Structures are given as C-alpha cells and as structure tokens.
Amino acid sequence: MKITEKRLRSARWLIGHGIEIGALHNPLPVPVGAVVSYVDRLPVDALRQHYPELADEALVPIDFIGDAEDLSQIPDASQDFVIANHLLEHLENPLRGLVEMHRVLRPGGVLYVALPEPRITFDRKRELTTMEHVVAEFRDGTESTREAHYRDYVELAEPLNEFVADGVATGPARVRELADLSYSIHFHVWRPDTFLEVIAAARREGGVVLEPLEFSACRPGLDDEFIFVFAKGVGDLPPIPPREDPAHVERDRLY
C-alpha cells in the first residue's frame, strides 16, 4: 500500500508511545517523535512461512506476540495510541478486538482504524457483515461460523484477489487448506456506515467508548480504504487536531 496524504493526515493524531497490530510489511508512517511497538500473532520467521507471498518483503520486528483479540502482554491504559491498519476485517471476533484495544489505551488515547472499501476491492461481491452477526460471535464464540467465513471468501473474494498465486486449490479443498492454516482472510466486510454500527455494538456489549475525531472516505482511483480516528472516552470537548506536518505532504508527492 502506498503512502498517501490521507494516511499521513490521519496519522498526525498519533503522539507518544503506542502499538500497531499486524503491520507485517506495511507499517503506518507516524509523526516524528511517535514511538511504535509492533504486535503480531507469530514471530517474524513464522510469519514468513505463513505468508510465502511476502518472501521478498521486509517485515517489521515483533515486540509483542499476541493478536488484537488477546493483548494480555500489554497492561491496561498503557498506550497513547493503537493502530489497526487493515486489521479489523481479519478478526474473527472484531468486538473482542475492540474491547482489547480499548483496554490498553489510556483515557483520551487514540485508535486509528483503516478498512478496505468493499465496493472497489476483492470483497465487492460479498454481503456486508451485519451488526447482529458480530454481536452473536462476541457472545457465543466463532467456532460455528468459521467454516462459512472461509467458504464465502474462497467462493466470492479469492477469485478477485490479485495477490493469490495461480494454480491454488479451489472449492472445499481450498476452504480446508485455509482453515487448517488459520489463514488470515477478510472474515468481515463493512462500509463506513455499517462499521459505525460495529462501534455502537462494542459500546453496548463491551463498554467500549470511542469518540470519533476524524473520518476520511475512500477516494476511488487514489486509494481503496476509509479511515476513522477515535479517542477513548468522551471529554468535555474533543481535542483540537494536531497541525499537519508539511514534510508529510511533501513526502506524499514522491508516491
């Protein structure tokens, strides 16, 4: 993913010390002075085996082994920011992930969320994930829905995914292959409006209180994502946006 002015503008909220979960080879550029620790479910060597398509890419060093649904290595209210950059769609239990991210943020801390816009990505033939679906997975677990997610991805999304190698298995064999690997597919699909329903459900189900600070819509032809920036909790008034870094804008012209 290229570095865009939109990403750099939204990232200006990231100040202090924080974490990025699942960055792999695409860590989010952050402002000068921000310090990022990286979280992933596997060490770097194991990630290379799991994602052979990234064999030639430089992966970020991993500081904490864990995933968004289990950040138990990280204390409560210890992070100034959390970056979930094209992450939440990969979670089987996104509400559990939001609860964990909310837990590790300090009051007023910032959550940066970028998600693919399904109308122009390989998810474009899939049904949107309903709020009722993610609530049921949060309450009852994901075991009963896992195979259906893999089947939906294999049938409707993988044929449109340009990053999938030629000659891979299809149909039930591919579903079993990906499920056995616990491969990180897009389990869920949202537009900006339906994702806000997920945020509302996280508040009702898990006590997650997030105030929207900024939204950037997808710009077809320039990018394939939308971005939300939230603050943990609700103060008297939302904070004033940090000034944009002119160096960031100049950097964007190189891409």
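**Note on a predicted model: core, strands and aromatic pairs**

1. Ser37 is partly exposed, at a relative accessible area of 23%. The model is a predicted one, and this value, like the others here, is computed from it. Ser37 belongs to strand S2, residues 35-40. Leaving aside neighbours within four places in sequence, the contacts of Ser37 are Gly18, Ile19, Glu20, Asp63 and Phe64. From the C-alpha atom of Ser37 to that of Val60 the separation is 9.6 Å, with the two positions 23 residues apart along the chain.

2. The largest nonpolar core has 34 residues. Ile21, Leu88, Leu95, Met101, Leu111 and Phe195 are the members that touch the most other members. At least two residues each come from strands S1 (17-21), S4 (79-85), S5 (105-116) and S7 (225-232), and the same holds for helices H3 (94-104), H4 (131-140) and H7 (192-206). A second core, separate from this one, has 18 residues; among them are Leu14, Ala34, Val36 and Tyr112. As background, nonpolar side chains in soluble globular proteins tend to be buried together.

3. Helix H3 is largely enclosed by the rest of the structure, because nine of its 11 residues are buried. The buried set is Pro94, Leu95, Gly97, Leu98, Val99, Glu100, Met101, His102 and Val104. Note that Glu100 and His102 are in this set. Which residues does Leu95 contact, leaving aside its neighbours within four places in sequence? They are Val134, Val135, Phe138, Val198, Ala201, Ala202 and Glu205.

4. Strand S5 is mostly covered, with nine of 12 residues buried. S4 pairs with S5 in the parallel sense, over six bridges, and one of the partnerships in this part of the sheet is Ala84 with Val113 of S5. Between these two strands the chain passes through H3, giving a β-α-β crossover that is right-handed. S5 also runs antiparallel to S7, joined by seven bridges. Val110 has Ala231 of S7 opposite to it.

5. Eight aromatic pairs are found in a search of the whole structure. Phe122 and Tyr153 have ring centres 6.3 Å apart and planes at 80 degrees, so this pair is edge-to-face. The two residues are 31 apart in the chain and the pair links distant parts of it: Phe122 sits in the loop between S5 and H4, whereas Tyr153 is in helix H5, residues 146-157. Both Phe122 and Tyr153 are buried.

6. Phe226 and Phe228 make another edge-to-face pair, with 6.1 Å from centre to centre and 85 degrees between the planes. Are these two rings on buried or exposed residues? Phe226 is buried at a relative accessible area of 1%, and Phe228 is buried at 5%. Both also belong to one aromatic cluster, formed by Trp190, Phe195, Phe215, Phe226, Phe228 and Phe230. Phe195 of this cluster was listed above among the core residues that touch the most other members.

7. His186 lies in the loop between helix H6 (171-181) and H7. The relative accessibility of His186 is 9%, so this residue counts as buried. Its side chain makes a polar contact of 2.7 Å with the side chain of Asp123. Not counting residues up to four places away in sequence, His186 touches Glu89, His90, Pro116, Phe122, Asp123, Arg126 and Tyr153. Phe122 and Tyr153, the two rings of point 5, are therefore included in the contacts of His186.

8. Two residues other than glycine deserve a look at the backbone. Leu24 has a positive phi, near 50 degrees, and lies in the loop between S1 and S2. At 17% relative accessibility Leu24 counts as buried, because the limit for that class is under 20%. Ala77 likewise has a positive phi near 50 degrees; this residue is in the loop between strand S3 (64-65) and S4. Ala77 counts as partly exposed, at 39% relative accessibility.

Definitions and conventions. Residues are numbered from 1 along each chain as its sequence is written. This is a predicted model: local features need pLDDT of at least 70, side-chain atom pairs count only at pLDDT 80 or more; totals for chains, interfaces and linings use all residues. Side-chain values use heavy atoms; hydrogens and water are left out. A nonpolar core is a set of buried Ala, Val, Leu, Ile, Met, Phe, Trp, Tyr and Cys residues joined through side-chain atoms within 4.5 Å. Buried means under 20% relative accessible area, exposed over 50%, partly exposed in between (1.4 Å probe, protein chains only). Helices (H or I, at least four residues) and strands (E, at least two) are DSSP runs, numbered from the N terminus. Contact means heavy atoms within 4.5 Å. Two strands pair if DSSP finds at least two bridges between them. A crossover is right-handed if, with the strands pointing away from the viewer, the path from the first strand over the helix to the second runs clockwise. Rings of Phe, Tyr and Trp (its six-membered ring) pair if their centres lie within 6.5 Å; planes under 30 degrees apart count as stacked, over 60 as edge-to-face and the rest as tilted. A polar contact is a pair of N or O atoms within 3.5 Å; within protein, one must be able to donate a hydrogen and the other to accept it, and residues adjacent in sequence count only if both atoms are side-chain atoms.
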